[in-house]
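This report looks at two topics in turn: the open spaces in a protein model, and the contacts made by its aromatic rings. Please keep the sequence and the 3D view at hand while reading.

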Amino acid sequence: MIKPLLPILIFLAMFYSQHIQAQQIPLYIGTYTQKNESKGIYTYSFNTKTGDATLLSETETSSPSFLARHKNILLAANELTDGNQSVSAFRIEDGKLNFINKLPTTGSAPCHVIIDKKGKYAVVSNYLGGALDLYAIDANGHINQNDHKKYSGSSVDTKRQEAPHIHSAFQGPDGNIYVSDLGTDLIHVLAVKLEDGKYKFNEIETIQTPKGAGPRHIAFHPNKKYFYALMEMSADVVVYEKTGNSWKQKQVINMNAEGFSGKDGAADVKISKDGKYLYASNRVDANTISTFAVQKDGSLNKIQVQSVLGKGPRNFNFSPDQNFVLVGNQLSNEVVIFKRDKKTGSLSDSGKRIQAFKPVCLIF
């Protein structure tokens, strides 16, 4: 009687093991480093069913304020201003990050990094110095400087927009790179081409954002017809629609709750995979994450303004299944994990937390 049951029991054991493994995925948290507080990048095992996280490893690297990953290669922007500003490359192996190489940036305070969809190159944004850097990534994960651009200009706020402040670069569905410059209220659209064995920038369009608003991050709609630009200084989300070969402003909507009169510091914006909901975080006095329903014409309708249950929500991210939204509260040293209702888009506290010193970037 026992022998016929053995294949079934073995199958069930294997299925259960695979199911458990599928629930556990790596989560990488970048932090601002400080002696006796934070070493750099923290790798966790995140349970997609429960929202629990278990620390796997710590990787020493100076102030990795933004991270990017392509397969088993992870890059970190080391946001320093003392001449040691750089971008570092790591290989992901057995739950750990193994250092590959590090190169300086041409500007200061590098605050954002992306890897293109094919894993061939990386773009680093420098908040100071007006510099945008382009690095090739070889088959072994080594980075090599290929090109850079130097921007100039200013805008209407003489204190915060006295010079270019390149805050981010995102690759659009058209393959182009969209660069947000808080200091000049411009979004630069660049193509990246391989010429004579090196990647080169080629600027093809400049998009004006509202004066004094300060563009920071953007998110693209899955249908490729719209993108959403987050304005750090005004806490607005600006909707742009593709019209012919260029982008036109369609809507400006504020992320704050009615009656809010405090200071703003909008930080991050992301859209759900199905294109139905958009989320944006605001720091300083607000400390909220707002949910917008995306209408059929791409415009936004604000449906929820949720406290982040902490201070300084600099960055947030969806879990891969988008059942959770993880918010990195920089000033309260904690990642707050919210449950996400996929049907309504609303967020609610899961009760789960990750303790981390100045968490400022979360990627899976």
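In this predicted model, the largest pocket encloses about 1200 Å³ of space. Its lining is made up of 36 residues, and those nearest the centre of the pocket are I114, F170, Q171, K270 and N317. Seen by element, two or more lining residues come from each of the strands β4 (64–70), β8 (108–115), β12 (166–171), β16 (215–220), β20 (266–271), β24 (313–318) and β28 (359–363), and the largest share, which amounts to five residues, is given by β4. When the lining residues of the largest pocket are sorted by class, 19 are nonpolar, 10 are polar and seven are charged.

The second largest pocket has a volume of about 180 Å³. Among the residues that line this second pocket are H70, N72, R91, K120 and D138, and its lining as a whole divides into four nonpolar, five polar and three charged residues.

One of the residues nearest the centre of the largest pocket, K270, also takes part in a contact with an aromatic ring, for K270 lies over the face of F316 at 5.1 Å from the ring centre.

**Aromatic rings**

How many aromatic pairs does the structure hold? There are 11 of them. A pair of aromatic rings is described by two values, the distance of the centres and the angle of the planes. Two pairs that involve W247 are set out here.

| Pair | Centre to centre | Angle between planes | Geometry |
|---|---|---|---|
| Y178 and W247 | 6.3 Å | 80 degrees | edge-to-face |
| F227 and W247 | 4.9 Å | 70 degrees | edge-to-face |

The pair of Y178 and W247 links distant parts of the chain, since Y178 belongs to strand β13 (residues 177–181) and W247 to strand β19 (residues 246–254), with their positions 69 residues apart in the sequence. The pair of F227 and W247 ties together parts that are 20 residues apart in sequence, because F227 lies in strand β17 (residues 226–231) and W247 in strand β19.

Are these rings buried or exposed? Y178 has a relative accessibility of 1% and therefore counts as buried, and W247, with a relative accessible area of 7%, is buried as well, as is F227. In both numbered cases the value is under 20%, which is the cut-off for a buried residue.

Finally, ring pairs link Y178, F220, F227, Y240 and W247 into a cluster, so that the two pairs in the table can be read as parts of this cluster.

Methods
Residues are numbered from 1 along each chain as its sequence is written. This is a predicted model: local features need pLDDT of at least 70, side-chain atom pairs count only at pLDDT 80 or more; totals for chains, interfaces and linings use all residues. Side-chain values use heavy atoms; hydrogens and water are left out. On a 1 Å grid over the protein atoms alone, a cavity is a set of points where a 1.4 Å probe fits but cannot get out, and a pocket is an open set with protein on both sides within 12 Å along at least five of seven lines; lining residues have an atom within 4 Å of a point. Grid points are joined across faces, edges and corners, and a volume is the space filled by probe spheres set on the points. Helices (H or I, at least four residues) and strands (E, at least two) are DSSP runs, numbered from the N terminus. Ala, Val, Leu, Ile, Met, Phe, Trp, Tyr, Cys and Pro count as nonpolar, Asp, Glu, Lys and Arg as charged, and the others, Gly among them, as polar. Rings of Phe, Tyr and Trp (its six-membered ring) pair if their centres lie within 6.5 Å; planes under 30 degrees apart count as stacked, over 60 as edge-to-face and the rest as tilted. Buried means under 20% relative accessible area, exposed over 50%, partly exposed in between (1.4 Å probe, protein chains only). A charge sits over a ring if NZ of Lys or CZ of Arg is within 6 Å of the ring centre and within 35 degrees of the ring normal.
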